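Trainee: Hi! Could you walk me through this model while I look at it?
Mentor: Happy to, let's go step by step.

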Amino acid sequence: MKTAFQKGWDAYKSYAYSMDAVNPISEKGHNWYSHTLLMTPVDAFSTMHLMGLDSAKVEAKQLIKERLTFDLDMEVQQFEIAIRIVCGLVSAYQLDGDPKFLELATDLADRLMPVFDTPTGADMNTGERTATICGALDCFWGGCLILEGKTAEAESLQASIYKMWMMEGLEPESIDYKKMEIMSSYYMIRPEAIESTYYVWKAIGGDKYYEMGKTMFESIEKYCQVPNGYVQVRDVRTKKNGTL
């Protein structure tokens, strides 16, 4: 795991330093929006801390403190900025203790608050099944079930998550679980399936869920790894990788 992480970080430093993300195949970087928000170092700092990657942590922290600013006029997607940047900075502050992280998080959160000052609302969930589609993003629910103490439901969902993953040896973006047919065949290295697997393993223990997570990670190593990083897979059936 540490080796894989360090490989990705080294690629970022080599080809995308001070940008949001790296494209390992083209050996170039890109920003999500019109200006960089240092997505990679902010989002990855807590992982560096937990993995004990001290040199990477120093590099990321220096970059964040020297170059991250939110004094920008641009449109962003609130959800992505909240989970990756606000939460990333709060986690960095909790783990590292540097008040600069909290200062940046507060600044950004204050700037995002007008998003909620609208008359619009969200559709209410009736609890009724309206489709039989399950997607990679839906896998996050397993972790929520564990946090609610609903281990039986989490284990049931985990069985479905693993079954979806093992259909082709790598997770498709979505399937029709009634027909067990792939609807969207690409894989974007999403974390939700492995994240839920970790939560279930942490709550229940034993080898079963550990081995599931190990199998998932090894398939990423096998099919998504390129010489200087990790990339998306266009079709899990053919395992052809590259930009979607």
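Mentor: A definition comes before anything else: the expected span of a helix is 1.5 Å times one less than its number of residues. Helices (H or I, at least four residues) and strands (E, at least two) are DSSP runs, numbered from the N terminus. This is a predicted model, where local features need pLDDT of at least 70, side-chain atom pairs count only at pLDDT 80 or more, and totals for chains, interfaces and linings use all residues. Residues are numbered from 1 along each chain as its sequence is written, and side-chain values use heavy atoms, with hydrogens and water left out.

Trainee: OK, let's try that span rule. How far does α3 reach from its first C-alpha to its last?
Mentor: α3 has 14 residues and reaches 20 Å, close to the 20 Å expected.

Trainee: Which residues of α3 are buried?
Mentor: They are Ala56, Lys57, Ala60, Leu63 and Ile64. Buried means under 20% relative accessible area, exposed means over 50%, and partly exposed is in between (1.4 Å probe, protein chains only).

Trainee: And where do those buried residues fall, seen down the axis of α3?
Mentor: They fall within an arc of 135 degrees, so they line one face of the helix. The arc is that of the directions from the helix axis to the C-beta atoms. An α-helix has 3.6 residues a turn, so residues three or four places apart point the same way. On the other side of α3, Val58 and Glu66 are exposed.

Trainee: What covers the buried residues of α3?
Mentor: The cover includes α1, α2, α4 and α5. Contact here means heavy atoms within 4.5 Å.

Trainee: Those helices make me think of a core. How many residues does the largest nonpolar core have?
Mentor: It has 32 residues, and those with the most contacts inside it are Leu68, Phe70, Ile81, Ile85 and Leu89. At least two residues of this core come from each of α1 (2–15), α2 (39–51), α3 (54–67), α4 (78–96) and α5 (99–112). The largest share, 6 residues, comes from α2. By definition, a nonpolar core is a set of buried Ala, Val, Leu, Ile, Met, Phe, Trp, Tyr and Cys residues joined through side-chain atoms within 4.5 Å.

Trainee: Pick one of those for me. What is isoleucine 81 in contact with?
Mentor: Leaving aside its neighbours within four places in sequence, isoleucine 81 is in contact with Tyr33, Leu37, Met39, Val76, Val86, Leu108 and Leu112. Apart from this core lies another, of 18 residues, among them Ile161, Trp165, Tyr187 and Val236.

Trainee: Let's look at Ile161 then. Buried or exposed?
Mentor: Isoleucine 161 is buried, with a relative accessible area of 4%, and is found in helix α7. Its contacts, leaving aside neighbours within four places in sequence, are Cys139, Ala193, Ser196 and Met216. Isoleucine 161 and glutamate 192 are 31 residues apart in sequence, and their C-alpha atoms are 9.8 Å apart in space.

Trainee: Which residues are buried in α8?
Mentor: Glu192, Ala193, Ser196, Thr197 and Val200 are buried in α8. They cover an arc of only 135 degrees around the axis, which puts them on the same side of α8. Their cover includes α6 (141–147), α7 (151–166) and α9 (207–224). After α8 comes glycine 205, whose phi is positive, near 80 degrees.

Trainee: Switching to strands: what is the order in the open sheet of 3 strands?
Mentor: The order is β3-β4-β5, with antiparallel pairing. β3 (133–135) and β5 (181–184) stand at the edges, each with a single partner strand, so one side of each is left without a neighbour in the sheet. Two strands pair if DSSP finds at least two bridges between them.

Trainee: So how many bridges join β3 to β4?
Mentor: There are 3 bridges between β3 and β4 (residues 174–176), and isoleucine 133 has aspartate 176 as its bridge partner in β4. Another 3 bridges join β4 to β5, where isoleucine 175 has isoleucine 182 as its bridge partner in β5.

Trainee: What do β4 and β5 form?
Mentor: They form a hairpin with 4 residues between them, and methionine 180 in the turn has a positive phi of about 55 degrees. Most residues other than glycine have a negative phi, and most peptide bonds are trans.
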